[in-house]
Amino acid sequence: MKYAISRSINGISLNGQEFLLTAKGDIMTFANETLAKSFAGKIATGSHDADVDLEKFGINICQIDDDGNYTLL
């Protein structure tokens, strides 16, 4: 399993997710949920804090399986 950072398109969860991408345009993935939350916390607040309330910023952490399917955590 891999983890990724996403947000709802136009802030509406029914619209699906858009993901943080690498410079090459691939979905940026992390080895575990803690690393993804820490990176997302840095984006949201400027601090590597895995305890940031990411929902407050409209940020989601997703678990991605080997087939590319994702589940919001």
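What radius of gyration would a compact globule of 73 residues have, and what does the protein have? I start there because the answer gives a first picture of the fold: such a globule would have a radius of gyration near 11 Å, and the protein has 12 Å, which agrees. Please keep in mind, as we go on, that this is a predicted model.

Staying with the overall dimensions, the C-alpha trace spans about 30 × 25 × 25 Å along its principal axes. As for what builds this trace, the protein has 1 helix and 5 strands, and anyone reading along the sequence will meet them in the pattern β-β-β-α-β-β. Among contacts between residues at least 6 apart in sequence, 46% join residues that are at least 24 apart.

Let me turn to the surface. Buried residues account for 27% of the 73 residues, while the accessible surface comes to about 4,900 Å², with 49% of that area belonging to carbon and sulfur atoms. On the charges, there are 6 positive and 10 negative ones, and the mean positions of these two groups lie 8 Å apart.

Finally, I would like to look at one residue, H48, which sits in the loop between α1, residues 33-45, and β4, residues 60-64. Is H48 buried or exposed? Its relative accessible area is 56%, so H48 is exposed, given that the cut-off for exposed is over 50%. Leaving aside residues up to four places away in sequence, H48 still touches S38 and K42. The C-alpha atoms of H48 and L35 are separated by 9.3 Å, with the two residues 13 apart along the chain.

Conventions. Residues are numbered from 1 along each chain as its sequence is written. This is a predicted model: local features need pLDDT of at least 70, side-chain atom pairs count only at pLDDT 80 or more; totals for chains, interfaces and linings use all residues. Side-chain values use heavy atoms; hydrogens and water are left out. Helices (H or I, at least four residues) and strands (E, at least two) are DSSP runs, numbered from the N terminus. The radius of gyration is taken over C-alpha atoms; the globule rule is 2.2 Å times the number of residues to the power 0.38. Buried means under 20% relative accessible area, exposed over 50%, partly exposed in between (1.4 Å probe, protein chains only). Contact means heavy atoms within 4.5 Å. Accessible areas come from the Shrake-Rupley method with a 1.4 Å probe; for residues, only the protein chains shown count as cover. Lys and Arg count as positive and Asp and Glu as negative; His and the chain ends are not counted. The place of a charge is taken as NZ of Lys, CZ of Arg, CG of Asp or CD of Glu.
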